[in-house]
Amino acid sequence: MTTDVAYAICSFNDIPSRRAMGFELMIVAEDGSHRPWPIVVIRWGKQVFGYLNMCPHDKVNLDWERNQFLDGNGLRILCGKHGSLFEIGTGLCVDGPCKGESLTPVALTVLDDDICVSGVTLVEDEEDEDETGLQCEEG
């Protein structure tokens with residue numbers, strides 16, 4: 001598994017501050033197979049937080065409508081199915097059926113104004129075989 005590569009998933013400015021966006025990516029699993037990897041990215045000022053888009057309560061996606069991840073006040077991540085509330089900075093569930101459990105974090109970094117995911121190997125589009133579209137250089 002490649003862990004020293006970061007893949008750009010969007011521009012930093014594609015996600016307004018205090019908003020979240022979901023991404024449906026494909027990763028290369030340890031056995032070499034390809035599997036879906038849904039994630040949510042939250043931007044809070046100059047910080048970004050990433051989690052698997054999966055509630056620990058019963059493994060459903062968090063968003064009740066596309067890219068609707070935050071509660072009405074925009075202060076917590078909300079599971080649209082059962083109402084569990086999660087802290088944005090830690091992923092810890094503070095209310096709901098999975099209280100005390102946490103979302104699975106996703107390693108993100110901002111490089112050259114792009115939000116990049118690292119620690120996994122993504123399945124790249126065939127036209128990106130020259131490694132110039134998705135991969136970011138980590139320094």
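A disulfide is counted here as a pair of cysteine sulfur atoms within 2.5 Å. The exercises below apply this and other ideas to a predicted model.

**Exercise 1. Determine how many disulfides the structure holds, and explain why cysteine 10 is not in a bond with cysteine 116.**

Step 1. In general terms, a disulfide is a covalent bond between the sulfur atoms of two cysteines.

Step 2. For cysteine 10, the closest cysteine sulfur belongs to cysteine 116 and lies 8.9 Å away, which is too far for a bond because the cut-off is 2.5 Å. Cysteine 10 also counts as buried, with a relative accessibility of 9%.

Step 3. Cysteine 55 is likewise in no disulfide, and the cysteine sulfur nearest to its own, that of cysteine 79, is 3.8 Å away. With a relative accessible area of 0%, cysteine 55 is buried.

Result. The structure holds zero disulfides.

**Exercise 2. State which elements the protein chain has, and in what order they run.**

Step 1. The protein chain has 10 strands and zero helices.

Step 2. Reading from the N terminus on, the elements therefore follow one another as β-β-β-β-β-β-β-β-β-β, where each element is a strand numbered from that end.

Step 3. As for burial, 42% of the 139 residues of the protein chain count as buried.

**Exercise 3. Work out the order of the strands in the open sheet that contains β3, and explain why β2 and β4 stand at its edges.**

Step 1. The open sheet has three strands, paired in the antiparallel sense and arranged in the order β2-β3-β4.

Step 2. Because β2 (19-28) and β4 (47-52) each have a single partner strand, they stand at the edges, and one side of each is left without a neighbour in the sheet. From one strand to the next, the twist averages 30°.

Step 3. Strand β3, which covers residues 34-44, pairs with β4 over six bridges, and valine 41 stands opposite glycine 50 in β4.

Step 4. When looking along such strands, it helps to recall that in a regular strand the side chains alternate between the two faces of the sheet.

**Exercise 4. Describe the open sheet with the order β5-β6-β7, and find which residue stands opposite isoleucine 77.**

Step 1. Three strands form this open sheet, and their pairing is antiparallel. The edge strands, each pairing on one side only, are β5 (76-78) and β7 (93-95).

Step 2. On average, and with direction ignored, neighbouring strands of this sheet are turned by 40° against each other.

Step 3. Between β5 and strand β6, which runs through residues 85-87, the antiparallel pairing extends over three bridges, and the residue opposite isoleucine 77 is phenylalanine 86 in β6.

**Exercise 5. Find how many residues lie between β8 and β9 in their hairpin, and which residue in the turn has a positive phi.**

Step 1. Strand β8 (residues 108-111) pairs with strand β9 (residues 114-118) in the antiparallel sense over four bridges, with leucine 111 opposite aspartate 114 in β9.

Step 2. The hairpin formed by β8 and β9 has two residues between the strands, and aspartate 112 in the turn has a positive phi of about 50°.

**Exercise 6. Describe the space in the largest pocket and the classes of residue in its lining.**

Step 1. Rolling a probe the size of a water molecule over the atoms shows where empty space is left.

Step 2. The largest pocket holds about 170 Å³ of space, and its lining residues include Ile15, Pro16, Met21, Trp64, Phe69 and Leu70, with Arg18, Arg19, Asn67 and Gln68 also among them.

Step 3. Sorted by class, the lining of the largest pocket consists of seven nonpolar, two polar and two charged residues.

Conventions. Residues numbered from 1 in each chain as written. Predicted model: local features only at pLDDT ≥ 70, side-chain atom pairs only at ≥ 80, totals over all residues. Heavy atoms only, no water. Pairing = 2+ DSSP bridges. Axes fitted to C-alpha atoms, helices over the stretch in contact; angles between N-to-C directions. 1 Å grid on protein atoms, 1.4 Å probe; cavity = no way out; pocket = protein on both sides within 12 Å on 5 of 7 lines; lining within 4 Å. Points joined across faces, edges and corners; volume = space filled by probe spheres on them. Nonpolar A, V, L, I, M, F, W, Y, C, P; charged D, E, K, R; others polar. Buried < 20%, exposed > 50% of the residue type's maximum accessible area, 1.4 Å probe, protein only.
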